[in-house]
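These are my notes from going through one structure, starting with its ring pairs and moving on to its charged pairs and the chain as a whole.

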Amino acid sequence: RPRRPAPAAACAHRIRCRAMSATELDRALHASVLKREAWKEQQFREEKERQDEQIRLGFGATDMCVEELKKLVDSDRRMYYRTSELNDKLYIHYKGWKEIRGLEGWTGFCAVFAQG
């Protein structure tokens, strides 16, 4: 069973609604909808910006350096040795790096696979 508002509050609400014309009521409703939609749009925009930032950081935002190569080696321990001199292959596909550098410690590798 729905809860009924207090008699004084219900009476005040009816008086306010009667005092407003249908046009004014429509305008007030429209303004509240626009306000809610603006809030949703702002949240959507902020979320999209966060996602775009994550994508930008993931593709080519970093430079090829010793730290990035260590992250690469740590990310796949089945494929790489922890010691850079022992690795004979290096897979750097789709990292977005513009230059190949930072390979001073990689003395034993035979092949670099870099596509994209």
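**Entry 1, aromatic pairs.** I searched this predicted model for aromatic rings whose centres lie within 6.5 Å of each other, and the count came to 2 aromatic pairs. In one of them, Y91 and F113, I found the ring centres 4.7 Å apart and the planes at 10°, so I entered the pair as stacked, given that planes under 30 degrees apart count that way. I then looked up where the two residues sit: Y91 belongs to strand β1 (residues 89–91) and F113 to strand β2 (residues 111–113), so the pair ties together parts that are 22 residues apart in sequence. For accessibility, I noted Y91 as partly exposed, with a relative accessible area of 28%, and F113 as partly exposed too, at 32%.

**Entry 2, the pair W106 and F109.** Here the ring centres are 6.2 Å apart and the planes stand at 85°, so this pair goes down as edge-to-face, the cut-off for that label being over 60 degrees. Is W106 buried or exposed? At 7% relative accessibility, W106 counts as buried, because the limit for that class is under 20%. Its partner F109, at 21%, counts as partly exposed.

**Entry 3, salt bridges within helices.** My search of the whole structure for salt bridges returned 6, and I wrote up some of them in detail. D52 and K48 meet through their side chains, with an N to O distance of 3.4 Å; both are in helix α2 (residues 22–58), and being 4 residues apart there, they are separated by about one helical turn. I have D52 as partly exposed, with a relative accessible area of 37%, and K48 as partly exposed at 40%.

In helix α3 (residues 66–75) I looked at E68 and K71, which are 3 residues apart and so again separated by about one helical turn; their side chains form a salt bridge at 3.3 Å, N to O. The partners fall into opposite classes of accessibility, since E68 is buried at 16%, whereas K71 is exposed at 52%.

**Entry 4, the bridge from D74 to R82.** How far apart are the closest N and O atoms of D74 and R82? They are 2.2 Å apart, and the two residues form a salt bridge. I recorded D74 as partly exposed, at 37% relative accessibility, and R82 as exposed, at 57%.

**Entry 5, the chain as a whole.** I listed 3 helices and 2 strands, which follow the pattern α-α-α-β-β when read along the sequence. Of the 116 residues, 12% count as buried, and the chain exposes about 10,000 Å², with carbon and sulfur atoms supplying 55% of that area. Turning to contacts between residues at least 6 apart in sequence, I noted that 31% join residues at least 24 apart.

**Entry 6, confidence.** The average pLDDT of the chain is 80, and 77% of the residues score at least 70. Which element has the lowest confidence? It is helix α1 (residues 7–19), at a mean of 55, while the highest confidence is found in β1, at 90. As a caution to myself, where pLDDT is low, the predicted coordinates should not be read in detail.

How values were computed: Residues numbered from 1 in each chain as written. Heavy atoms only, no water. Phe/Tyr/Trp six-rings, centres within 6.5 Å; stacked < 30°, edge-to-face > 60°. Buried < 20%, exposed > 50% of the residue type's maximum accessible area, 1.4 Å probe, protein only. pLDDT = per-residue confidence, 0-100. Contact = heavy atoms within 4.5 Å. Areas by Shrake-Rupley, 256 points an atom, 1.4 Å probe, with all protein chains shown as cover.
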